[in-house]
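Student: Could you take me through the salt bridges in this one? I'd like a close look at how the charged side chains pair up.

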Amino acid sequence: MKLNQKQTILVGLAFLSICSFWQMYDNIVPLILTKTFHMNETVSGAIMAADNILALFLLPLFGGLSDKTDTKIGKRMPFILFGTGCAVILVNLLPVLDNAYAAQASPLKTVSFVIVLGLLLIAMGTYRSPAVALMPDVTPKPLRSKANAIINLMGAVGGILYLGIAAALYPNAKTQGLSHVNYQPLFIVVSAIMFVAVGTLFLFVKEPALVRKNQKLEEAHPEWNLAEDDGSGHETLPPAVKKSGAFLLLSIALWFIGYNGVTTWFTTYVSQVMGQGLGGASTCLLVGTAGAILSYIPIGMIAGKIGRKKTIQAGVLLLTFCFVMGFVLTVNATSVSVLMYLMFALVGLAWAAINVNSLPMVVEMCKGSDIGKYTGYYYTASMAAQVVTPILAGTLMRTIDYRILFPYAALFVALSFVTMLFVRHGDTKAEAKKGLEAFEDME
């Protein structure tokens, strides 16, 4: 059994578009809120948390709805096309309102910006779970970690595209001293990336045929299913599997509290603590994303020897160490150093170790008909954490000191190591043996 590399790359285009958008959103929107609209860190943090609040309801809702959807173009594709189309239109209204407010401030423009932002977040929420659920829909269980490595590579490419464009369009020399920065070119480019990526996915991925093919294969391998017949013909998960799933979701929430705290506030942190502009922060994040891309295959080889769970735990320990070093390297610095680049490269390695293996562990613990719903649970756990962390981290930085960001992140990531000790399912032997060896013989 081999993984179809071309098919998985095409499926990953949806995740590429999503990651490109969220990388821009997390980097630029806090700057707009604090510098154009002059909101304090608590208020802007609350607005930044709005996407996560909406996601608590939207992601499992639309993941579950897509499970029950049946159209000629598939279960997931209608949600992907509709959500992307709406998002491409709405995202380009944000810099228009930002520039208009900078030219002449008014409460109406502030309200309009927040309303458009809310509609954009709803549009993104309608298709995130269906887009991610498409991979396990068309991939046999033993190959999902391998496929998820490619999906994460595609997401990282989306992040790289944004960060490279941002660094090129907005170097420190161009933005330093400006009272307002026009981000419209950046928003146009990112929306074009989203449109092209999802358009290509629709043209070349025939979802219904691929799903039927995968269902036939999984029917021939009932041993892949962790669910049990409850005696009435319905499949249920054993209590031990449910317990593992609960601790895994808690672990996901904890490491996202730490990691997203840094990704949300890092551009502002660099500006306040180090006096650096968007270009310096984007370069650091670009190095981190590049580190993740270079790490996926080696991480798969390691997972092939020690398993998903231990690979995740190693990533958690490394990420904790990196955030401690982030504090040491930035607390008194006035410019980005080579050691900071190295630290962010290791952050990419650590995050790759966690991300490649966590979603497959979640969907491994569900029935085949519930993939969209459990994908929603995965994102609900991460988004629930991110509801808390922009507000909490922003408030702590405002009331105590901006330099608390990295110790805060290190603490919560370290706690996820403890909760992972109680996760005992989702680490299949077949995947643990081979990791990403299929990269060598993919078709």
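Tutor: Here is a walk through the salt bridges, starting with the ones that share a residue.

Keep in mind that this is a predicted model. A search of the whole structure turns up three salt bridges. Let's start with Arg-76, which is linked with Asp-67 and Asp-137 in a network of salt bridges. On one side, Arg-76 pairs with Asp-67, and their closest N and O atoms sit 3.0 Å apart. On the other, Arg-76 pairs with Asp-137, where the closest N and O atoms are 2.5 Å apart. That second pair is worth tracing along the chain: Asp-137 belongs to helix 7 (residues 107-138), while Arg-76 is in the loop between helix 4 (50-68) and helix 5 (77-91), so the bridge ties together parts that are 61 residues apart in sequence.

Now, how accessible are these side chains? Arg-76 has a relative accessible area of 0%, so it counts as buried. Asp-137 comes in at 5%, which is buried too. Asp-67 has 15%, and since the cut-off for buried is under 20%, Asp-67 is also buried.

That leaves the pair formed by Asp-401 and Arg-403, whose side chains meet in a salt bridge with an N to O distance of 3.3 Å. Here the accessibility reads like this: Asp-401 is partly exposed at 32%, and Arg-403 is partly exposed as well, with a relative accessible area of 30%.

So, to put the picture together: Asp-67, Arg-76 and Asp-137 make up a salt-bridge network, and Asp-401 bridges to Arg-403.

Definitions and conventions. Residues are numbered from 1 along each chain as its sequence is written. This is a predicted model: local features need pLDDT of at least 70, side-chain atom pairs count only at pLDDT 80 or more; totals for chains, interfaces and linings use all residues. Side-chain values use heavy atoms; hydrogens and water are left out. A salt bridge is a side-chain nitrogen of Lys or Arg within 4 Å of a carboxyl oxygen of Asp or Glu. Buried means under 20% relative accessible area, exposed over 50%, partly exposed in between (1.4 Å probe, protein chains only). Helices (H or I, at least four residues) and strands (E, at least two) are DSSP runs, numbered from the N terminus.
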